[in-house]
Amino acid sequence: MNHNAPLSAPPRRTRGIVLLGLAILGVASAAFVVRRPLMMSAPMCMAGRWHGCLDTFNGVVLITLVALPLAALVAWALARRRRAAGVTSAWRMSLAEVGMVHGTVPFVWMTMMPGAGAGTVPGRVSLVPLRDLLTMGPLGIVGNLLIFAALGFFAPMRFTASASVPRILALGTGCSVLVETAQYVLRLDRVSSVDDVLVNATGAVLAALASRRWWRTTAEAPSDQPRPLPAPAG
């Protein structure tokens, strides 16, 4: 017997703690880098004012970071309830559900923020592929990659039906088309661009590839159902 095998492969719990620590460190580092812009919106957000908080990028990012402990508490409560009911993969399901919502809603909110000419400027559409990439700039490209990144990362972990690259690509594309269509219909003074759809879908696929080792596959037991109790002997 190889007695060194347990030492060479760390337990799953240890790996989970390490990943959680790295995630917290990454969020803390990002918050430190953007602390000054975020603090500009802090007084408005603390006062509960819409203008200057929820209608600005800095305000939405600040609220998202502040709500992280609440999101972690919700995930813990869901996982605890499912484990008590005997549901398999309780933690993965709960983290995926909370992660999809908490990581996607703020970016969609920022994307749907109206411009200065909202309601008066007619809708604009750009259907030529790759034409708008040059005008996006690095910050715009990164922002578009992140819009549905959380959805692409967590959806295959939660739903077996979405656990494939083509399906995540279709999901990201469909959600992006809905957002671009809403921008045009609501006349938010934004350009509904095919390049936005391409970059958004690419971000979802890249994030899905990053979580591929944790995807739910058809080979796994259904995790939505409680574990069957063993039959009594005799």
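User: What is the mean pLDDT of the protein chain?

Analyst: This is a predicted model: local features need pLDDT of at least 70, side-chain atom pairs count only at pLDDT 80 or more, and totals for chains, interfaces and linings use all residues. pLDDT is the predictor's confidence in each residue, from 0 to 100. In the protein chain, 82% of the residues reach 70 or more. The mean pLDDT is 82.

User: Over which residues does pLDDT stay under 50?

Analyst: Residues are numbered from 1 along each chain as its sequence is written, and side-chain values use heavy atoms, with hydrogens and water left out. Where pLDDT is low, the predicted coordinates should not be read in detail. One stretch stays under 50 and has 10 contacts (heavy atoms within 4.5 Å) beyond four places in sequence. That stretch is residues 218–223.

User: How many helices and strands does the protein chain have?

Analyst: Helices (H or I, at least four residues) and strands (E, at least two) are DSSP runs, numbered from the N terminus. From that end, the order is α-α-α-α-α-α-α-β-α-α-α-β-α. The count is 11 helices and two strands.

User: What percentage of the residues of the protein chain count as buried?

Analyst: Buried means under 20% relative accessible area, exposed means over 50%, and partly exposed lies in between (1.4 Å probe, protein chains only). The protein chain has 234 residues. The buried share is 32%.

User: What share of the contacts with a separation of 6 or more comes from residues 24 or more positions apart?

Analyst: Take the contacts in the protein chain with a separation of 6 or more. Then keep those between residues 24 or more positions apart. Their share is 72%.

User: Which residues form the disulfide?

Analyst: A disulfide is a covalent bond between the sulfur atoms of two cysteines. Here it is assigned to a pair of cysteine sulfur atoms within 2.5 Å, and a search of the whole structure finds one. The two sulfur atoms are 2.0 Å apart, the angle about the S-S bond is 105° and the link is right-handed, and both residues are buried. The pair is C45 and C53.

User: How far apart are the end C-alpha atoms of helix α10?

Analyst: Helix α10 covers residues 165–185, which makes 21 residues. The expected span is 1.5 Å times one less than the number of residues. That gives 30 Å, and the model agrees. The end C-alpha atoms are apart by 30 Å.

User: What arc do the buried residues of α10 cover around the axis?

Analyst: The buried residues are I168, G172, C175, S176, V179, E180 and Q183. They lie on the same side of α10, because they cover a limited arc, taken from the directions from the helix axis to the C-beta atoms. An α-helix has 3.6 residues a turn, so residues three or four places apart point the same way. The arc is only 135°.

User: Which exposed residues does the face of α10 turned away from its buried side carry?

Analyst: The buried side of α10 has cover that includes α7 (90–111), α9 (149–158), β2 (191–193) and α11 (194–210). The face turned away from that side carries exposed residues. They are P166, L178 and V185.

User: How many of the residues of α9 are buried?

Analyst: Among the buried residues of α9 are A149, L151, F154 and M157. Their cover includes α6 (68–84), α7, α8 (133–146), α10 and α11. So many are buried that α9 is largely enclosed by the rest of the structure. The count is nine of the 10.

User: How far is the C-alpha atom of M157 from that of W214?

Analyst: M157 lies in helix α9 and counts as buried, at 8% relative accessibility. Along the chain, M157 and W214 are 57 residues apart. Their C-alpha atoms are separated by 6.0 Å.

User: Which residues does G103 touch, not counting residues up to four places away in sequence?

Analyst: G103 is in helix α7 and is buried at 18% relative accessibility. G103 and F148 are 45 residues apart in sequence, with 8.1 Å from C-alpha to C-alpha. The residues that G103 touches are I147 and A150.

User: What is the relative accessible area of L130?

Analyst: Most residues other than glycine have a negative phi, and most peptide bonds are trans. L130 has a positive phi near 70° and sits in the loop between β1 (124–126) and α8. L130 is exposed, with a relative accessible area of 55%.

User: Is S89 buried, partly exposed or exposed, and what is its relative accessible area?

Analyst: S89 is in the loop between α6 and α7. Its phi is positive, about 55°, although S89 is not a glycine. S89 is partly exposed, at 29%.
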